[in-house]
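Biologist: Could you pick one part of this model and take me through it slowly? I'd like to know what sits around it and what touches what.

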Amino acid sequence: MAVADAKYRFVYVNVGSFGRDCDSTIFKQSTLWNAIITNSLQLPEEKCLPGSESPKIPYFFVGDEAFGLHKHLLRPYSGTHLTLDKRIFNYRLCRARRYVECAFGILSNKWRIFHRPINVDVDFAVDIIKACIVLHNFVRDRDGFSHEDTTTIMGFEDLPGESTARGGLQANTVRNILSKYFLTNVGAVPWQMTKI
């Protein structure tokens, strides 16, 4: 499990969990989640959205439907019969999630060891993965990235989800504020209506 930035660099990784563990369980046991819920991560102060006088909203991580909703971790709206603003929110969230998906694709395309099973002791496999991530970040910093690195990535399919909203009022409020913002002249992107 990892967090990636807009330059396809990994800024947080959690290596060593079993494949049978679901993403939300791994995340809930991670040091990142512990830092989020104990407010020790030192995220930037809440801000209004650019060009608006909306209520201040917290900085947040972007996840898929496997994760629970939290004011610092947003996930898509669930369901199939969503309003226009919710569909646009899901589209924009999916675009943001692509950075981590592409970062994993670039990592595996650059370090071909990930194209086959790593048949070594588990602890050594963890070390190999961590070394590849460090090298990946080094290469990203040194060489930047080319668009071709990101064009063969799979896995953008939306997962079926639950129809309930979890995370409490504050997390839902943040998501709703963003949904409305993405429909404004300031928050919209020209192509979003053709993509939903």
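Modeller: What follows is a walk along one helix, then its packing partner, then a few loops and turns.

Some ground rules come before the tour. This is a predicted model, in which local features need pLDDT of at least 70 and side-chain atom pairs count only at pLDDT 80 or more, while totals for chains, interfaces and linings use all residues. Residues are numbered from 1 along each chain as its sequence is written, and side-chain values use heavy atoms, with hydrogens and water left out.

Here's the overall layout. The chain has 6 helices and 4 strands, where helices (H or I, at least four residues) and strands (E, at least two) are DSSP runs numbered from the N terminus. Going along the sequence, the order is β-β-α-α-β-β-α-α-α-α. Of the 196 residues, 36% count as buried; buried means under 20% relative accessible area, exposed over 50%, and partly exposed in between, with a 1.4 Å probe and protein chains only. If you take the contacts (heavy atoms within 4.5 Å) between residues at least 6 apart in sequence, 60% of them join residues at least 24 apart.

Now for the part I picked, helix H3, residues 84-110. Ile 88 sits in H3 and is buried, with a relative accessible area of 0%. Setting aside neighbours within four places in sequence, Ile 88 touches Phe 182, Leu 183, Gln 192, Met 193 and Ile 196. The C-alpha atoms of Ile 88 and Ala 188 are 9.2 Å apart, although 100 residues separate the two in sequence.

Phe 89 belongs to H3 as well, and it counts as buried at 1% relative accessibility. Again leaving out neighbours within four places, Phe 89 is in contact with Leu 74, Arg 75, Pro 76, Tyr 77, Arg 175, Leu 178, Ser 179 and Phe 182. Phe 89 and Leu 178 lie 89 residues apart in sequence, with 7.1 Å between their C-alpha atoms. So Phe 182 turns up in the contacts of Ile 88 and in those of Phe 89.

There's one more link to this region. Gly 187, in the loop between helix H5 (168-181) and helix H6 (192-195), is buried at 5% relative accessible area. Beyond its neighbours within four places, Gly 187 contacts Arg 92, Tyr 181 and Phe 182. Its C-alpha is 7.9 Å from that of Pro 50, which is 137 residues away along the chain.

Next comes the packing of H3 against H4. Their axes are 10 Å apart and cross at about 105°; axes are lines fitted to C-alpha atoms, for helices over the stretch in contact, and angles run from 0 to 180 degrees between N-to-C directions. The two helices are therefore roughly perpendicular, since that label covers 65 to 115 degrees, with under 35 counting as roughly parallel, over 145 as roughly antiparallel and the rest as oblique. On the H3 side you find Ala 103, Ile 106, Leu 107 and Lys 110, and they meet Cys 132, Ile 133, His 136, Val 139 and Arg 140 of H4. Sorted by class, that contact has 6 nonpolar, 1 polar and 2 charged residues. Here Ala, Val, Leu, Ile, Met, Phe, Trp, Tyr, Cys and Pro count as nonpolar, Asp, Glu, Lys and Arg as charged, and the others, Gly among them, as polar.

H4 itself has 22 residues (122-143) and should span 32 Å at 1.5 Å a residue; its end C-alpha atoms are 31 Å apart, which agrees. That expected span is 1.5 Å times one less than the number of residues. The buried residues of H4 include Ala 125, Val 126, Ile 128 and Asn 137, and what covers its buried set includes strand E2 (10-13) as well as H3. Right after H4 comes Gly 144, with a positive phi near 70°.

E2 also pairs with strand E1 (residues 2-4), antiparallel over 3 bridges; pairing takes at least two bridges found by DSSP. Ala 2 is bridged to Val 13 in E2. The two strands make a hairpin with 5 residues between them, and Tyr 8 in the turn has a positive phi of about 65°.

Most residues other than glycine have a negative phi. Asn 39 also has a positive one, about 60°; it lies in the loop between helix H2 (31-37) and strand E3 (61-62) and counts as exposed at 61% relative accessibility.
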